[in-house]
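Q: Could you take me through one part of this model at close range? I would like to see how two of its helices pack together.

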Amino acid sequence: MPSFELVPGAPVSPVILHVPHSSRRIPADVRPSIVLEDAALERELDHITDAHTDRIAEAAADLAGVMPWRFVNRASRLVVDPERFPDEREEMTAVGMGAVYTRTSHREVLRPHGTDPEPLIERYFRPYARAMTDAVADRLAATGRAVIIDVHSYPTQPLPYELHGEGPRPPVCLGTDEFHTPSELLAAAQKAFAPCGETGLDSPFSGTYVPLDFYGKRRDVRALMVEIRRDTYMTEPGGPAGPGLARLAESLGALVDAVSSRPAARPPAGALPRDGRPGPR
């Protein structure tokens, strides 16, 4: 099975639903690098996986008037995390959770000390980044713009690995970037997710994913992270989805429709006072 998949949408759609953390799959040849016994690994996957977010994105795509494209990671984030920086820029390296994790969500040993991350980065991280870059470039060429909606979930209670877990944990958190998240895109998301309860901003996770070739360079690449609190749609940790999944899919589909129909306006200077980089999620 490929480690990621680009699911085509309508040729006229500028939207890419990016789903990086929904998979529990660990390839057989990667498994020996993880020191956890099978039962402990399953528990870690329960906590760290954004369970069912691929299903939310798929249902939203089916509901949308103009079908968006979907870029879905088919490997667990315990293989590599495609949303981390693969170098010293990544603050999560401080807790052993850079592009290649060496610690678990509870700060226990996941891989041995001194593990070389480069083989996994070369095999999984770089091809993923190139493919996502190509997908965004394709939407720009086809429609004149690209809108990345980053689909995540997070636990009701903070996990020990979270560096900024002390803030509010609303049913839906919207992660923004001052360069790539225009005010109209944010307003459309707030309206679309209003039926799901309170919508917060950049807490407990901030930022959003943009391929580095476009990051801070192309305002016609817009991006927003949607973080869904897990108790709103599933049994925690790692349990089945419930009826809340359909409501969230409807809201995500409504957001896709809202941003597919017109370009998003550039925000006024200082409207979104964030640091402009992907958040530590």
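A: Happy to; here is a walk through one helix pair. This is a predicted model, in which local features need pLDDT of at least 70, side-chain atom pairs count only at pLDDT 80 or more, and totals for chains, interfaces and linings use all residues. Residues are numbered from 1 along each chain as its sequence is written, and side-chain values use heavy atoms, with hydrogens and water left out.

Two packed helices are described by the angle between their axes and the distance between the axes. Our pair is α2, residues 53–63, and α5, residues 244–260; helices here are DSSP runs of H or I with at least four residues, numbered from the N terminus. They pack at an angle of about 55°, with their axes 8 Å apart. That angle makes α2 oblique to α5, the term for whatever is not under 35 degrees (roughly parallel), over 145 (roughly antiparallel) or 65 to 115 (roughly perpendicular). The axes are lines fitted to C-alpha atoms over the stretch in contact, and angles run from 0 to 180 degrees between N-to-C directions. The crossing of α2 and α5 is right-handed, meaning that the near helix is turned clockwise from the far one by less than a right angle.

Now for the residues that meet, with contact taken as heavy atoms within 4.5 Å. From α2 come R55, I56, A57, A59, A60 and L63, and they meet L245, L248, A249, E250, L252 and G253 of α5. By class, this contact has 9 nonpolar, 1 polar and 2 charged residues; Ala, Val, Leu, Ile, Met, Phe, Trp, Tyr, Cys and Pro count as nonpolar, Asp, Glu, Lys and Arg as charged, and the others, Gly among them, as polar.

Note on methods:
Helix = DSSP H or I, 4+ residues; strand = E, 2+ residues; numbered from the N terminus.
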